[in-house]
Structure formats: structure tokens, C-alpha cells
Amino acid sequence: MEEWILQAAEETEEKARDTKPGEEEKKEPEERAEEKEQESSPETTAPGNGEEKEQEPQAAGHTEEEKEKNEGVQKEDALPAQQKSEPEGEEILRMKDICKDYDMGNEVLHVLKNVSLTVRRGEFLAILGPSGSGKSTLMNIIGCLDVPTSGDYWLDGRHIADEDETSLARIRSREIGFVFQSFNLLQRQNAFENVELPLIYANVPEKERRDRVDEVLARVGLSDKRENMPNQLSGGQQQRVAIARAIANRPAILLADEPTGALDQHTGAQVMELFHELNEEGNTIIMITHDPKIASHAKRIVRILDGEISEGALEDA
Ligand code: ADP
Ligand code: MG
């Protein structure tokens with residue numbers, strides 16, 4: 001499986017509670033093999049099955065509502081008119097009444113409470129909330145690194161609860177580009193190799209792989225650093241390598257958890273500028289942050305507090 005994601009999960013303090021490294025590592029070879037097998041068979045996506053259609057009218061209403069609120073946010077932020085039309089894009093993510101509970105023995109912790117959220121292709125969404133509000137828990141579910149206790153989650157037409165672990169591994173490596181606060185680069189691999197890794201897991205042929213790594217390293221302005229090891233790069237450069245790695249597979253969603261949290265203000269602003277550009281180029285971005293200033297870079301802001309989601313302008317916070 002995707003080592004770097006596992007490493008990321010292990011290295012990220014908050015996620016350490018959830019991960020069972022030994023168990024996941026053991027699965028690795030067979031998952032790799034199964035993933036290869038899947039390569040030759042047609043895509044096993046099942047959008048538009050009966051079950052999903054039944055939910056449609058409800059979801060459409062929800063979406064309209066969100067769109068209106070969304071436009072409200074954009075007006076407040078005085079974004080160019082051109083950007084306002086983008087949430088019209090096709091629905092790429094839908095959560096309906098997602099709950100996540102942790103059974104602590106003597107009590108049950110309700111960490112996510114009936115979270116419903118729709119994201120459309122081309123959006124740049126920030127999920128803003130204070131420490132402990134459930135952001136990383138939500139990110140882990142969005143990224144298919146964790147499963148909800150109840151509720152429904154569709155990603156790019158797939159009902160995630162219906163997917164087996166092999167398929168989830170595939171979705172993680174192809175549909176989601178992860179960016180973490182702590183970069184999570186493999187320390188013994190250079191910039192090129194770090195970016196190449198998800199393409200190897202996705203069985204992209206070598207020539208195309210090299211071209212794509214060169215392309216995305218150029219995209220983040222690091223063509224001249226391809227041979228550098230992570231410890232020979234600044235924090236901002238490491239995060240740009242991580243972003244290149246995240247977009248190399250052309251994922252449906254770029255999912256970033258506190259992407260500027262380990263960077264100084266100036267470098268953080270540069271990373272936000274890169275996110276802007278990537279979004280302008282059509283990438284869908286979901287960014288998780290506790291920092292309203294960072295969230296204000298997004299076109300749409302959803303707030304999370306005590307595991308509950310609400311949408312609206314920053315000033316309402
Ligand atoms: P954030 O990322 O917004 O800081 P988290 O999603 O990490 O918040 O955590 C939200 C709440 O859920 C916190 O109270 C945290 O202690 C709790 N929590 C997260 N993961 C677990 C877990 N595996 N077991 C028990 N409690 C957890
Ligand atoms: Mg967190």
C-alpha cells in the first residue's frame with residue numbers, strides 16, 4: 001500500500017491513535033498485487049445505482065442551499081466574478097449525516113455529529129475549526145483513511161461503505177492527493193523519488209512517470225531540486241515537493257491538513273499562492289485549518305465546532 005500515506009498517518013501525532021502500523025504493513029504486498037490485478041479489469045465504480053438515486057432529490061436541495069450560502073461567502077470575500085461560477089461543477093464529494101464515535105469504555109465520545117457536506121469539482125474549500133473540533137477525524141474520513149460510525153459518503157460517484165479494503169487503497173492512491181502539516185516526505189528518497197512514489201503505486205509506466213514527475217516539479221518551481229534529499233530543502237520547498245507528490249496522480253481532490261502549520265508566514269503565503277494557482281488550473285482543493293487567515297484564501301469556508309459543521313462568512317465566527 002501507499003507507504004507514504006501510512007508514514008504520514010504514523011508521523012502525525014493526532015492520527016497515531018487511530019493507526020495500527022503493524023497490521024497495515026502486513027497487508028501491503030497482497031494489496032499491491034490485488035491492485036495490479038484490478039489494473040486489467042474495468043473500473044469498478046458504480047455511480048448512479050438505485051440506492052444513490054433515491055438520495056438524489058434530498059442532496060440536490062442540500063446542494064442548492066450550500067451554493068447560496070457559498071455565494072454569500074464569496075461576496076463577503078470580494079472574489080472576482082469569474083471564480084463565483086465554479087461551484088456549478090459536477091459533484092465530487094457528498095457526505096450525509098456522517099457520525100464518528102469513539103467508545104472510551106465508560107463513555108462514548110461523539111467526535112463528528114451528523115456532518116453533511118457537498119463539494120463540487122473545481123472548488124477551493126476550507127474547513128475551519130479550533131483544535132479538537134474534529135478536523136483531522138473528518139479529513140481521515142474524507143481521505144478514506146478511516147471509516148465513519150454511521151452516515152453515507154460518496155467520493156467521485158462511489159459509495160465508500162461498499163468498497164473493500166483493496167478498492168479503498170486504490171481510491172486513496174488515485175483519487176486523493178494528501179498534503180500534511182509535517183510534509184511527510186520519505187527522508188531517504190530525493191525529491192524526484194518522493195514525487196514518483198504514488199505513480200509507482202498507481203502502475204504508471206516508467207517513461208510517463210518520469211515526464212509527470214518533471215512536469216509537477218516544474219509546476220511547483222523545484223526542477224533544480226529534483227536530486228535533493230528532504231533535509232537539503234527548506235520547509236517551504238519540502239511542502240512544495242509534497243504538493244507535487246499530491247498532484248502527480250491527478251487526483252480528484254487535493255486534501256490538505258494544516259498545510260502551512262509548520263511554515264513561517266511568508267512561506268505559508270507562498271504555499272497559499274500555489275494553491276490558488278492549482279485551483280485556477282482546475283484542481284479541487286479541500287484545506288483543513290484552525291487559522292481564519294489561511295482559511296480566507298479559500299473560495300468557500302465551512303466551519304467545524306465540536307464535531308458540527310456550519311457554513312458561512314468568516315465574520316460570523
Ligand atoms: P482536530 O484535528 O480538529 O484538532 P481531531 O479530529 O484530531 O481534532 O479530534 C477531535 C476530538 O476527537 C478530540 O477531542 C480528540 O481527542 C478525539 N479523538 C480523535 N481521535 C480519537 C481516537 N482515536 N480515540 C479517541 N478520541 C479521539
Ligand atoms: Mg488536526
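Q: How many bridges join strand S7 to strand S8, and in which sense do the two strands run?

A: In this predicted model, S7 and S8 (residues 285-289) run parallel and are joined by 4 bridges. A register can be read from an individual pair, and here Ala256 stands opposite Met287 in S8.

Q: What does S7 make together with helix H11 and S8?

A: The three elements, S7, helix H11 (residues 265-280) and S8, make a β-α-β unit that is right-handed.

Q: Which residues pair S7 with strand S6, and over how many bridges?

A: Strand S6 (residues 176-180) pairs with S7 in the parallel sense, over 5 bridges. Phe180 stands opposite Asp257 in S7, and Val179 stands opposite Ala256, the residue that also stands opposite Met287 in S8.

Q: Are the residues of S7 buried or exposed, and what follows for the strand?

A: The cut-off needed here is that a residue is buried if 20 or more other C-beta atoms lie within 10 Å of its own. By that count 5 of the 5 residues of S7 (residues 253-257) are buried, so the strand is largely enclosed by the rest of the structure. Both of its faces are covered, with Ile253, Leu255 and Asp257 buried on one side and Leu254 and Ala256 buried on the other.

Q: How many residues of S6 are buried, and which lie on each face?

A: S6 is mostly covered, with 5 of its 5 residues buried. Ile176, Phe178 and Phe180 lie on one side, while Gly177 and Val179 lie on the other, and both faces are covered.

Q: Which residues touch the most other members of the largest nonpolar core?

A: In soluble globular proteins, nonpolar side chains tend to be buried together. The largest nonpolar core here has 65 residues, and those that touch the most other members are Leu125, Ile127, Ala244, Leu254, Leu255, Ile285 and Ile286. Helix H10 (residues 235-248) supplies the largest share of this core, 7 residues.

Q: Which residues does Leu255 touch, once those up to four places away in sequence are not counted?

A: Leu255 touches Met139, Ile142, Gly143, Ile176, Gly177, Phe178 and Ile286. Two of these names, Met139 and Ile142, are among the buried residues of helix H6. H6 (residues 135-142) is mostly covered, 8 of its 8 residues being buried, and just after H6, Cys144 takes a positive phi of about 60°.

Q: Why can the length of H11 be said to agree with what is expected?

A: The span between the end C-alpha atoms of a helix can be set against a rise per residue, and for the 16 residues of H11, at 1.5 Å a residue, the helix should span 22 Å; its end C-alpha atoms are 22 Å apart, which agrees.

Q: Which residues of H11 are buried, and where around the axis do they lie?

A: The buried residues of H11 are Gly268, Val271, Phe275, Leu278 and Asn279. They cover an arc of only 100° around the axis, which puts them on the same side of H11. The face turned away from that buried side carries the exposed residues His266, Glu273 and Glu277. What covers the buried residues includes strand S3 (124-128), H10, S7, S8 and H12. After the helix comes Gly282, whose phi is positive, near 110°.

Q: Is Pro292 buried or partly exposed, and where is it found?

A: Pro292 is found in helix H12 (residues 292-295), and with 14 C-beta neighbours inside 10 Å it counts as partly exposed. Pro292 and Pro130 are 162 residues apart in sequence, yet their C-alpha atoms are 9.8 Å apart in space.

Q: Which strands stand at the edges of the sheet S2-S1-S4-S5?

A: These 4 strands form an open sheet in the order S2-S1-S4-S5, with antiparallel pairing. Strand S2 (108-120) and strand S5 (158-159) stand at the edges, each with a single partner strand, so one side of each is left without a neighbour in the sheet. Strand S4 (residues 150-155) and S5 run antiparallel and are joined by 2 bridges, and the bridge partner of Leu155 is Arg158 in S5.

Q: What do the totals for the protein chain show?

A: The chain holds 12 helices and 10 strands, and of its 317 residues 40% count as buried. Among contacts between residues at least 6 apart in sequence, 74% join residues at least 24 apart.

Technical notes. Residues are numbered from 1 along each chain as its sequence is written. Chains are lettered from A and ligands numbered from 1 in the order in which they are written. This is a predicted model: local features need pLDDT of at least 70, side-chain atom pairs count only at pLDDT 80 or more; totals for chains, interfaces and linings use all residues. A nonpolar core is a set of buried Ala, Val, Leu, Ile, Met, Phe, Trp, Tyr and Cys residues joined through C-beta atoms within 7 Å. A residue is buried if 20 or more other C-beta atoms lie within 10 Å of its own, exposed if 12 or fewer, and partly exposed in between; C-beta atoms are placed from the backbone. Two residues are in contact if their C-beta atoms, placed from the backbone, lie within 7 Å. Two strands pair if DSSP finds at least two bridges between them. A crossover is right-handed if, with the strands pointing away from the viewer, the path from the first strand over the helix to the second runs clockwise. The expected span of a helix is 1.5 Å times one less than its number of residues. The arc is that of the directions from the helix axis to the C-beta atoms.
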